[in-house]
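Let's take a walk through this one together. Load it up and keep the sequence handy.

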Amino acid sequence: MLQELRPALAALLEGLRPRVRRASELRRLLNLDQKLSWSVFNAATARDARVLASLLPGRLGMERFFTASARHGVPPETIERARAAFERFEASVARHAGSRDAFEMMLTELGAGNGEPGGADLKHKRAAFRGTSLLWGRQARVCSSTWIMHPGANPGPLDTVIIKGMVGLRRTRRAVPLQMTSRQWSWSTPGDPAEPNSTEPLDPRETGPEAIGLLRDFCSQPLPEFRLRESRPGYRSHELVSNTLGASGEVTYFTGEASRADSVAPGSVPGSEATIAKSVDIPIEVYTADMLMHRTIWDTRPPEVRVYAYPLDGSKEFRESDLLPLTEQAEYLGEGLYAARTPLIPRYAEMLSFAMERMGWKAEEFRVFRCRVDYPVLSTRIRMTLR
């Protein structure tokens with residue numbers, strides 16, 4: 001019920017034009033009061049659906065939000081879906097608890113804790129983000145990684161799609177480079193092919209040795225331009241070609257690639273796993289990592305998330321000695337692309353739909369898992385694993 005309500009609210013925010021990226025922008029666009037705007041925006045973008053009970057406004061506030069959204073062009077069917085989900089939530093509260101306060105207490109007893117994951121660390125991470133953004137002269141609003149896994153043509157090996165990108169990447173000092181590194185924390189697990197198979201870009205227009213696989217229709221316009229850099233053997237990166245500073249020079253880009261028969265299902269053989277690992281090398285407001293697993297590959301158990309310090313010796317291992325005491329978590333969102341909706345990433349559901357159509361897959365057959373990390377700490381590695 002809560003998992004249904006959150007994507008419904010996210011879809012409603014996605015329908016607003018211009019797009020809203022913060023609660024303050026929602027307040028100005030819809031002419032709502034600050035408390036109502038903050039509550040709705042944070043409910044739609046919450047990392048844990050169980051906190052919605054403490055965030056959502058009452059009936060009158062939600063109706064003001066729905067009415068204002070309709071005046072600003074959100075499709076009626078999108079509003080009705082969100083309204084119906086909210087009514088089911090309210091009915092569930094009345095049936096099981098009688099009041100919001102009692103319902104929140106019930107969720108706490110079921111394991112919701114006393115707030116969002118990582119809450120105790122959040123103020124320190126936010127302060128670090130603000131300081132490093134000024135010192136480094138670059139930042140991004142959102143960094144995202146998505147891994148989609150589907151059974152291959154033959155039994156055993158799986159086909160995969162990897163989508164990566166940045167939303168609102170910008171610099172505040174002209175001499176600072178904006179780079180997208182192609183070095184990844186990758187390793188083989190039991191059952192994987194001895195030699196990795198070649199990849200192919202999801203966008204067929206991305207050809208040539210220096211192409212980076214941009215998903216052109218989902219990038220900011222004019223299309224971002226990158227130049228290839230190779231500072232040393234085996235370390236290639238693509239640097240954004242731009243001299244514009246500040247918000248006016250913000251860039252959003254996504255890349256997508258597919259690989260056939262390149263891995264095995266997590267847990268299918270002893271030691272096999274599926275992992276997304278992100279090295280945090282730029283100040284970021286939010287990092288999101290999604291796994292879309294075909295229902296024949298995995299059940300609804302969420303991945304494990306751990307955060308490690310960057311190894312000083314350059315090791316690719318994830319060692320207990322480098323593990324940091326950060327309380328990040330992943331959760332199961334449901335099945336299909338509707339469950340994956342988020343207002344943090346523009347046209348995200350459309351992007352996933354494009355990838356599914358290119359691969360000939362049925363989106364409704366995928367289970368969606370997400371880890372969201374607010375203000376990830378620089379020089380750390382975030383690891384999300386199914387095993």
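What follows goes from the whole chain to one helix and then to the salt bridges.

First off, bear in mind that this is a predicted model. The protein chain carries nine helices and 13 strands. Of its 387 residues, 51% count as buried. The accessible surface of the chain adds up to about 18,300 Å², and carbon and sulfur atoms own 52% of that. As for who touches whom, take the contacts with a separation of 6 or more: 78% of them are between residues 24 or more positions apart.

Now zoom in on helix α2, residues 23-30. Which of its residues are buried? They are A23, E25, L26, L29 and L30. Look down the axis of α2 and these buried residues fall within an arc of 160°, so they line one face of the helix. The background here is simple: an α-helix has 3.6 residues a turn, so residues three or four places apart point the same way. Right after α2 comes N31, and its phi is positive, near 55°.

On to the charged side chains. Side chains of opposite charge can pair when their charged atoms come close. With N to O within 4 Å as the cut-off, the count comes to 32 salt bridges.

Start with E250 and R170, whose side chains meet at 3.9 Å, N to O. E250 sits in the loop between β6 (235-240) and β7 (251-263), while R170 belongs to strand β2 (residues 158-171), so this pair ties together parts that are 80 residues apart in sequence. Are these two buried or partly exposed? E250 is partly exposed at 22% relative accessibility, and R170 is partly exposed at 21%; the cut-off for buried is under 20%.

Next, find R301 and D299, which form a salt bridge at 2.9 Å, N to O. R301 is partly exposed, with a relative accessible area of 44%, and D299 is partly exposed too, at 32%.

Then there's R367 with E335, where the closest N and O atoms are 3.1 Å apart. This pair links distant parts of the chain: R367 is in strand β12 (residues 366-374) and E335 in strand β11 (residues 330-335), 32 residues apart. R367 counts as buried because its relative accessible area is 17%, whereas E335 is partly exposed at 34%.

Last stop: which residues are linked in a network of salt bridges? Pick out E273, E304, R306, E320, R383 and R387, and you have it on screen.

How values were computed: Residues are numbered from 1 along each chain as its sequence is written. This is a predicted model: local features need pLDDT of at least 70, side-chain atom pairs count only at pLDDT 80 or more; totals for chains, interfaces and linings use all residues. Side-chain values use heavy atoms; hydrogens and water are left out. Buried means under 20% relative accessible area, exposed over 50%, partly exposed in between (1.4 Å probe, protein chains only). Helices (H or I, at least four residues) and strands (E, at least two) are DSSP runs, numbered from the N terminus. The arc is that of the directions from the helix axis to the C-beta atoms. Contact means heavy atoms within 4.5 Å. Accessible areas come from the Shrake-Rupley method with a 1.4 Å probe; for residues, only the protein chains shown count as cover.
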